[in-house]
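Please look over the sequence and the structure shown here before reading on. The report that follows takes up one helix, the charged pairs and two loop residues in turn.

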Amino acid sequence: MRTRLLEVAPVLPSQNIERDIAWYEKHIGFKTLYSDKMYALLQRENINMHLQWHADTKDDPLLGGSVIRIMVDDIKPIFEEFVERKTVTPEKLNLKTAWNTNEFGFYDLNNNVVFFVERL
């Protein structure tokens, strides 16, 4: 069985577009649809992920700490994939949370948090 990604299209800050594209491809399985030095569009199934470069200065802050939640229909297959990719460790899967979800999350290279969530 396979996890079906449903929908999300965040724009996350990046200090290094090329570095972050490589990370998202290796650790999450995204493919690059477009990139330049300032912006990138990545995709996996129905999920589009945008990266926008910021200088991390007072006038152009990086604003790390964004959080996205990618909703899925069956979390276990994608969790197992990410354990194999070494994106997460096996104990990161939270089953039957108090808010009625199964979920796991991790940080990207800019301290943005990416959660995968299955509603129960």
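## Glu81 and its partners

Glu81 is partly exposed, since its relative accessible area is 22%. In this model, which is predicted rather than determined by experiment, the side chain of Glu81 takes part in a salt bridge with Arg44, and the closest N and O atoms of the two lie 2.7 Å apart. This pair joins distant parts of the chain, because Glu81 belongs to helix α2 while Arg44 belongs to strand β4 (residues 39–44), with their positions 37 residues apart. Arg44 has a relative accessibility of 15% and therefore counts as buried, the cut-off for that class being under 20%.

The pairing of Glu81 and Arg44 does not stand alone, for Arg44, Glu81 and Arg85 are linked in a network of salt bridges.

## The two sides of helix α2

Helix α2 spans residues 75–84, and within it Ile75, Ile78, Phe79 and Phe82 are buried. These four residues lie on the same side of α2, because they cover an arc of only 105° around the axis. The general background is that an α-helix has 3.6 residues a turn, so residues three or four places apart point the same way.

On the face of α2 that is turned away from this buried side, the exposed residues are Glu80 and Glu84. After the helix comes Lys86, a residue whose phi is positive, near 70°.

## Other salt bridges

How many salt bridges does the structure hold? There are six in the structure, and two further ones are described here. Side chains of opposite charge can pair when their charged atoms come close. In one case Arg69 pairs with Glu103, the closest N and O atoms being 3.9 Å apart, and this pair again links distant parts of the chain, with Arg69 in strand β6 and Glu103 in strand β7 (residues 101–107), 34 residues apart. Arg69 counts as partly exposed because its relative accessibility is 38%, whereas Glu103, at 5% relative accessibility, counts as buried.

In another case the side chains of Arg19 and Asp20 meet in a salt bridge, with a distance of 2.8 Å from N to O. Arg19 has a relative accessibility of 32% and so counts as partly exposed, while Asp20 has a relative accessibility of 1% and so counts as buried.

## Asp74, a buried charge without a salt bridge

Asp74 lies in the loop between β6 (67–72) and α2. Which side chain of opposite charge is nearest to Asp74, and how far away is it? The nearest is that of Lys76, 7.2 Å away, and Asp74 has no salt bridge although it is buried. A salt bridge requires the nitrogen and the carboxyl oxygen to be within 4 Å. When residues up to four places away in sequence are left aside, Asp74 touches Met1, Arg2, Thr3 and Glu118.

## Asn100 in the loop before β7

Asn100 is found in the loop between α2 and β7, and with a relative accessibility of 45% it counts as partly exposed. Leaving out residues up to four places away in sequence, the contacts of Asn100 are with Glu118, Arg119 and Leu120. Of these, Arg119 is 19 residues from Asn100 in sequence, while in space the two are 6.4 Å apart, C-alpha to C-alpha. Glu118 thus appears among the contacts of Asp74 as well as among those of Asn100.

Methods. Residues are numbered from 1 along each chain as its sequence is written. This is a predicted model: local features need pLDDT of at least 70, side-chain atom pairs count only at pLDDT 80 or more; totals for chains, interfaces and linings use all residues. Side-chain values use heavy atoms; hydrogens and water are left out. Buried means under 20% relative accessible area, exposed over 50%, partly exposed in between (1.4 Å probe, protein chains only). Helices (H or I, at least four residues) and strands (E, at least two) are DSSP runs, numbered from the N terminus. The arc is that of the directions from the helix axis to the C-beta atoms. Lys and Arg count as positive and Asp and Glu as negative; His and the chain ends are not counted. Contact means heavy atoms within 4.5 Å.
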